[in-house]
Amino acid sequence: MRVTADRLRKNGVQSGGVTVSFTARAAWTVNITFPVPFTSPPVMSANIASGAGSTARWGARAINITPEGFQLFLFAGTSGATATWDNIGVSWIAHGV
């Protein structure tokens, strides 16, 4: 089967990642644009590539999902906790419905 832009838009899978660095934050967001827009908002998942040190007890979530993109939201699991990250990988995957 040949993968075309139209097939990706309709029901394909797209993935990507970012490297995150910040100082003394309790939450962080970045806007992500899909390489190829979906026909409707896709189902999403996000993952922090490390669970040790400054990333412990942090979560990753895709929010404000549209066919064109989403916001990657990273947050401390403990209220009021802050952390400093240096080049931590965060990946995401989206699939059409």
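**Exercise 1. Thr55 and its surroundings**

Determine whether Thr55 is buried or exposed in this predicted model, and where in the chain Thr55 lies.

*Solution.* Step 1: the relative accessible area of Thr55 is 3%. Step 2: a residue counts as buried under 20%, so Thr55 is buried. Step 3: Thr55 belongs to the loop between strand 3 and strand 4. Step 4: apart from neighbours within four places in sequence, Thr55 is in contact with Ile48, Ser50, Trp85 and Ile88.

**Exercise 2. Asn47**

State the class of accessibility to which Asn47 belongs, and list what Asn47 touches.

*Solution.* Step 1: Asn47 is part of strand 3, which spans residues 43-48. Step 2: its relative accessibility is 45%. Step 3: exposed requires over 50% and buried under 20%, so Asn47 counts as partly exposed. Step 4: when residues up to four places away in sequence are not counted, Asn47 touches Ala60, Gly89, Val90 and Ser91. Step 5: for Ala62, the separation from Asn47 is 15 residues in sequence and 9.7 Å in space, C-alpha to C-alpha.

**Exercise 3. The overall layout**

Give the secondary structure elements of the protein chain in their order from the N terminus.

*Solution.* Step 1: the protein chain has one helix and six strands. Step 2: starting at the N terminus, the order is α-β-β-β-β-β-β. Step 3: the chain has 97 residues, of which 31% count as buried. Step 4: the exposed area is about 5,600 Å², and carbon and sulfur atoms supply 50% of it. Step 5: of the contacts between residues at least 6 apart in sequence, 74% join residues at least 24 apart.

**Exercise 4. The open sheet**

Find the order of the strands in the three-stranded open sheet, and explain why one side of strand 2 and of strand 4 has no neighbour there.

*Solution.* Step 1: the order is 2-5-4, with antiparallel pairing. Step 2: strand 2 and strand 4 are at the edges and each has a single partner strand, so one side of each remains without a neighbour in the sheet. Step 3: from one strand to the next, the twist averages 20 degrees.

**Exercise 5. Strand 4 and strand 5**

Describe how strand 4 is joined to strand 5, and name the bridge partners of Ala60 and Ala62.

*Solution.* Step 1: strand 4 (residues 58-63) and strand 5 (residues 69-76) run antiparallel and are joined by six bridges. Step 2: Ala60 has Leu74 of strand 5 as its bridge partner, while Ala62 has Leu72. Step 3: five residues lie between the strands of this hairpin, in which Asn64 takes a positive phi near 50 degrees.

**Exercise 6. Core and aromatic rings**

Identify the residues with the most contacts inside the largest nonpolar core, and the strand that gives the most to this core.

*Solution.* Step 1: the core has 21 residues, and Trp58, Phe70, Leu74 and Trp85 have the most contacts inside it. Step 2: strands 1 to 6 each supply at least two residues of the core. Step 3: strand 6 gives the most, with six residues. Step 4: among the residues that Leu74 touches, not counting those up to four places away in sequence, are Val20, Trp28, Ile48, Trp58 and Trp85. Step 5: Trp58 and Trp85 also belong to one aromatic cluster with Phe22 and Trp28. Step 6: the whole structure contains nine aromatic pairs.

Key:
Residues are numbered from 1 along each chain as its sequence is written. This is a predicted model: local features need pLDDT of at least 70, side-chain atom pairs count only at pLDDT 80 or more; totals for chains, interfaces and linings use all residues. Side-chain values use heavy atoms; hydrogens and water are left out. Two strands pair if DSSP finds at least two bridges between them. Helices (H or I, at least four residues) and strands (E, at least two) are DSSP runs, numbered from the N terminus. Rings of Phe, Tyr and Trp (its six-membered ring) pair if their centres lie within 6.5 Å; planes under 30 degrees apart count as stacked, over 60 as edge-to-face and the rest as tilted. Buried means under 20% relative accessible area, exposed over 50%, partly exposed in between (1.4 Å probe, protein chains only). Contact means heavy atoms within 4.5 Å. A nonpolar core is a set of buried Ala, Val, Leu, Ile, Met, Phe, Trp, Tyr and Cys residues joined through side-chain atoms within 4.5 Å. Axes are lines fitted to C-alpha atoms, for helices over the stretch in contact, and angles run from 0 to 180 degrees between N-to-C directions. Accessible areas come from the Shrake-Rupley method with a 1.4 Å probe; for residues, only the protein chains shown count as cover.
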